[in-house]
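Okay, everyone, thanks for coming. Let me put the thing up on the screen and then just walk you through it.

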Amino acid sequence: MNAFNHSTNLYLLHLNNQENIFIYYMKRREFIGNTFAIGGLTSVIPISQLYSNVQKKLSIQNKKTNYDVIVIGVGSMGSSACYHIAKQGLSVLGLEQFDIPHEMGSHTGQSRIIRKAYFEHPNYVPLLERAYQNWRSLEQEISNQIYFKTGLLYFGPSKHLLIKGTQKSAIKYGIKVNELNRKEQLDKFPQFKVPENYTNLIEVDAGFVTPERAILSYTEQALKYKAVIHTKEKTLEWSKKGGIIQVKTNKQIYKCKKLVLTTGAWTSKFSDVKNLDVTRQILAWAKPKKPDMFELNNFPCWTFADPSVNGIYYGFPSLPRSSFEEPSGIKFAHHTKGKLTDPDIVNKNVSKEEENTLVEAIKKFIPKGIETITSSKTCLYTYSPDEDFIIDFYNNNDDILIASGFSGHGFKFASVIGEILSELAINGKSIHPINFLKSNRFN
Ligand SMILES: Cc1cc2nc3c(=O)[nH]c(=O)nc-3n(C[C@H](O)[C@H](O)[C@H](O)COP(=O)(O)OP(=O)(O)OC[C@H]3O[C@@H](n4cnc5c(N)ncnc54)[C@H](O)[C@@H]3O)c2cc1C
């Protein structure tokens, strides 16, 4: 529906709820219709194409064994760390046990919500400001879109943390979050059936980022800055003796001056950090009853609290197959602590019963959203005890860093976490406010 004029960097927007009226050429991402922002596609390179570009570059790398920095785990945080460190001119080796990307860890599933009015805690907002800037810088560098501004509709009882916490962060940091009365909610978002006593909020600049495409893009750019990245190479152990760090994999022994552990759900298997819980989470995609109403640009990202159930539900618009490939349909999930699991033996099959439980919860509030389930997958959360991230030096070693415990809400930060890890590795400190994420809070 939207046409992008590259010479003017302007958008021609066509609004679904205003038939046949073309609204102005607006600057990309700057259009806000009262409370709802619509974002369009510029250049969206599909995962398969990015993947084959990266594969070609991975096959022609040198085979050194000594590096300034080794990053173990090239997933969400590790790919960004490789990029940011290599960009500063250091020699970097990234070691990934699987392919890049893959479906065994925490970055599966096409889309991740990004928002600034952080209900979890306002401490995260300065990091999010930087994360947004860094996603934008990456997009400019690769001429490819990673962040999609759809707006995020929140609804729930006014006293629920989802609503109260969002309002608190929005007020503290002046973030654009508007409250919608019932009529406005129904006019703008007729897809939702929200109980009358619920509060509706819309965060205008929120939307989603694309995890696999972001990880591939960071990997490709890291390679451009001369990082060396090995896939399908599992780190078996690492040690530090006399100031030299040695890393042993199933293929080789390497040495480095600094080590970065971004091993996600495998962190407890691989370090002294034993207070992490790994859980199995479920994602599902469905064909909506009225597909047009749920397409990107007609439907926002959303999240709601149903006080009869723990956690919150959230979801995404249906993305065009031409750019985003499979799975297709609207995507949704339940953000709550799933069953404890082991990342090496997790059950990847989603049962009919698990799908049905999720579908019933969503149908209550989005009655026309689901006709049939088109796909479902599992993915892993790595919970810290307080659900805040852990970003720190490892056991007080100033040459070993750890970033883990992202507790199911870390992806949106990947662009700033990589930068923080590069600052810590290079300067021994970060300019970003990360004291609240230090591991000594559990002592
Ligand atoms: C279903 C689901 C929905 C989510 N939704 C959102 C959302 O909407 N918004 C949001 O911000 N976040 C969301 N998240 C959370 C976010 O995706 C995670 O916090 C983030 O991906 C964690 O990144 P990571 O780098 O720690 O883990 P990963 O991306 O899994 O990376 C860890 C990497 O380390 C590698 N590794 C581990 N051990 C070794 C070894 N010994 N040798 C070599 N490599 C190794 C792994 O193979 C893996 O590739 C969601 C997560 C899930 C599961």
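So, Thr235. Leaving out residues up to four places away in sequence, Thr235 touches Ile72, Leu95, Val247 and Thr249. And before anyone asks, yes, this is a predicted model. Thr235 sits in strand β15, which covers residues 235-241. Is Thr235 buried or exposed? Buried: 22 other C-beta atoms lie within 10 Å of Thr235, and 20 is enough to count as buried. Here's one for the distance people: Leu216 is 19 residues from Thr235 along the chain, and their C-alpha atoms are separated by 21 Å.

Just before β15 there's a backbone oddity. Lys232, in the loop between β14 and β15, has a positive phi, near 55°, and it isn't a glycine. Lys226 does something along those lines too, with phi near 75°, and that one is in the loop between α6 and β14. Why flag them? Because most residues other than glycine have a negative phi. What about burial for these two lysines? Lys226 counts as partly exposed, because it has 14 C-beta neighbours inside 10 Å. Lys232 has 13 inside that radius, so it's partly exposed as well.

While we're on the backbone, there are cis peptide bonds to look at. One runs from Ile100 to Pro101, with omega near -10°. Pro101 lies in the loop between β7 and β8. Another joins Glu326 and Pro327, with omega about -10°, and Pro327 is in the loop between α8 and β21. For context, most peptide bonds are trans.

Back to helices. α6, residues 211-224, is followed by Lys226, the positive-phi residue I just mentioned. α6 has 14 residues and reaches 20 Å from its first C-alpha to its last, close to the 20 Å you'd expect at 1.5 Å a residue. How many of its residues are buried? 13 of the 14, so α6 is mostly covered.

Now α4, residues 161-173. With 13 residues at 1.5 Å each, α4 should span 18 Å, and its end C-alpha atoms are 17 Å apart, which agrees. The buried residues in α4 are Leu162, Ile163, Thr166, Ser169 and Ala170. Look down the axis and those buried residues fall within an arc of 140°, so they line one face of the helix. What's on the face turned away from the buried side? That face carries the exposed residues Ile171 and Lys172. As for what covers the buried residues of α4, the list includes helix α3 and the strands β10, β11, β12, β19 and β20. After α4 comes Gly174, with a positive phi near 60°.

Next, the ligand. Which residues are closest to the ligand? Gly73, Gly75, Gly105, Gly264 and Gly410, out of 36 residues that surround the ligand. The elements giving two or more residues to that shell are α2, β8, β18 and β23. By type, the shell residues divide into 14 nonpolar, 18 polar and four charged.

One more residue before we zoom out: Ile391, in strand β24, residues 390-393. Ile391 has 26 C-beta neighbours inside 10 Å, so it counts as buried. Not counting residues up to four places away in sequence, Ile391 touches Ala403, Ile417, Ile420, Ile434 and Leu437. Leu424 is 33 residues from Ile391 in sequence, and the two are 9.9 Å apart, C-alpha to C-alpha.

Okay, the whole chain. There are ten helices and 25 strands in it. The radius of gyration is 22 Å, close to the 22 Å the globule rule gives for 443 residues, so the chain is as compact as a globular protein of that length. Taken along the principal axes, the C-alpha atoms fill a box of roughly 70 × 50 × 45 Å. How much of the chain is buried? Buried residues make up 47% of the 443. And if you take the contacts with a separation of 6 or more, 72% of them are between residues 24 or more positions apart.

That's my tour. Over to you.

Key:
Residues numbered from 1 in each chain as written. Predicted model: local features only at pLDDT ≥ 70, side-chain atom pairs only at ≥ 80, totals over all residues. Helix = DSSP H or I, 4+ residues; strand = E, 2+ residues; numbered from the N terminus. Expected span 1.5 Å × (residues − 1). Buried ≥ 20, exposed ≤ 12 C-beta atoms within 10 Å, placed from the backbone. Arc of directions from axis to C-beta. Contact = placed C-beta atoms within 7 Å. Near = placed C-beta within 6 Å. Nonpolar A, V, L, I, M, F, W, Y, C, P; charged D, E, K, R; others polar. Rg over C-alpha atoms; globule rule 2.2 N^0.38 Å.
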